Structure formats: structure tokens, C-alpha cells
Amino acid sequence: MKEDKIKAIVFDMGGVIFSSDGGTYEGRERLAGEISVDVKKLHEIWFRHKEDLIKGRESEDEYIREIKNFLNVDLSLEELKNKIRSYNRINHEILSFVKK
């Protein structure tokens with residue numbers, strides 16, 4: 001009898017391997033204060049793009065470009081991307097498990 005082998009294990013990134021405060025109201029409110037933009041408009045952009053971002057139909061750069069252009073953010077695309085990414089928190093326990 002042929003032995004079946006596991007060919008792949010799939011892990012969800014967002015909320016499992018890492019969490020992002022940028023996906024919460026509090027995180028967006030903090031970001032709005034740090035980059036001096038209207039928090040209601042930032043929430044609006046998030047909800048307009050959330051589904052496409054989560055499902056991979058829109059890139060991170062497209063989303064961040066929309067924030068930058070729509071809200072006239074005075075940071076480069078890379079600076080804004082790094083600011084948003086700084087809200088990510090890695091779950092080291094899960095990451096250790098994944099590496100095993």
C-alpha cells in the first residue's frame with residue numbers, strides 16, 4: 001500500500017502569523033494622527049479597498065497610493081508603506097510552529 005504524504009500546509013497570514021493594527025479603527029485613528037489626515041476619510045478608503053486587498057485583487061502599493069493621493073499625504077510611497085507596516089505584529093509562537 002502506497003503511503004500518502006502531506007504535500008502542503010497553508011497558513012493564513014493576517015490575524016494568524018501577524019496582525020496589523022492598521023486594520024482596526026484604533027490603528028487607523030493613530031495613523032491618521034501621525035500623518036495628519038482626516039480619520040473619517042482614512043476609514044472610508046480602508047472600507048472601499050479592504051475586500052480587494054484581502055482577496056489579492058489589489059496590491060498593497062495600489063492601496064497606499066490611494067491613501068497618499070486622496071489624502072495628500074506628504075510622504076513618499078515607501079515612507080508611507082513603512083509607516084503602515086510598522087503596525088504589524090508577528091505572532092512568534094505561530095511563526096516558530098510554521099518553521100518546524
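Leaving aside its neighbours within four places in sequence, which residues is G22 in contact with? Select G22 to begin, bearing in mind that this is a predicted model. G22 sits in the loop between β1 (18-20) and α1, and the residues to display around G22 are R28 and Y87, the contacts that remain once neighbours within four places in sequence are set aside. G22 and Y87 lie 65 residues apart in sequence, yet their C-alpha atoms are 6.1 Å apart in space. G22 is buried, with a relative accessible area of 14%.

**Along helix α1**

Next, select helix α1, residues 25-35, and colour G27, R28, L31, A32 and I35, which are buried. These buried residues cover an arc of only 135° around the axis, which puts them on the same side of α1. A general point helps in reading such a pattern: an α-helix has 3.6 residues a turn, so residues three or four places apart point the same way. Turn to the other side of α1, and E26 and G33 are found there, exposed. If you then bring back the rest of the chain, what covers the buried residues of α1 includes α2 and α4 (77-85).

At the end of this helix, select S36, the residue that follows α1 and has a positive phi, near 55°. The value is positive in a residue other than glycine. S36 belongs to the loop between α1 and α2, and S36 is exposed, with a relative accessible area of 65%.

**Where α1 meets α2**

Now show α1 and α2 together. Two packed helices are described by the angle between their axes and the distance between the axes. For this pair, the axes of α1 and α2 come within 9 Å and cross at roughly 130°. That angle makes α1 oblique to α2, and the crossing is right-handed. To see the contact itself, display Y25, R28, E29, L31 and A32 on the α1 side, and V39, L42, H43, W46 and F47 on the α2 side. The residues of this contact of α1 with α2 divide into seven nonpolar, one polar and two charged.

**Where α2 meets α3**

Keep helix α2, residues 39-54, on screen and add helix α3, residues 60-70; the axes of these two come within 11 Å and cross at roughly 160°. That angle makes α2 roughly antiparallel to α3, and α2 passes α3 in a right-handed crossing. On the α2 side, the residues to select are K41, L42, E44, I45, W46, R48, H49 and L53, which meet E60, Y63, E66, I67 and F70 in α3. Sorted by character, the residues of the contact of α2 with α3 divide into seven nonpolar, one polar and five charged.

Two residues of α2 repay a closer view. Which residues does H49 touch, not counting those up to four places away in sequence? With H49 selected in helix α2, display E58, Y63 and E66, which are the residues that H49 touches under that condition. H49 is buried, with a relative accessible area of 10%.

Then move along to L53, also placed in helix α2. Leaving aside its neighbours within four places in sequence, L53 is in contact with W46, E58, S59, E60 and Y63. To follow the path from L53 to Y63, note that these residues are ten residues apart along the chain and that their C-alpha atoms are separated by 7.6 Å.

**Along helix α3 and out of its end**

Finally, isolate α3 and colour Y63, I64 and I67, which are buried. These three cover an arc of only 95° around the axis, which puts them on the same side of α3. When the surrounding chain is restored, what covers the buried residues of α3 includes α2 and α4.

The last selection is N72, which follows α3 and has a positive phi, near 55°. Is N72 buried or exposed? N72 is found in the loop between α3 and α4, and N72 is exposed there, with a relative accessible area of 64%. The positive phi of about 55° occurs in N72 although this residue is not a glycine.

Methods: Residues numbered from 1 in each chain as written. Predicted model: local features only at pLDDT ≥ 70, side-chain atom pairs only at ≥ 80, totals over all residues. Heavy atoms only, no water. Axes fitted to C-alpha atoms, helices over the stretch in contact; angles between N-to-C directions. Helix = DSSP H or I, 4+ residues; strand = E, 2+ residues; numbered from the N terminus. Parallel < 35°, antiparallel > 145°, perpendicular 65-115°, else oblique. Left-handed = near helix turned anticlockwise from the far one by under 90°. Contact = heavy atoms within 4.5 Å. Nonpolar A, V, L, I, M, F, W, Y, C, P; charged D, E, K, R; others polar. Buried < 20%, exposed > 50% of the residue type's maximum accessible area, 1.4 Å probe, protein only. Arc of directions from axis to C-beta.
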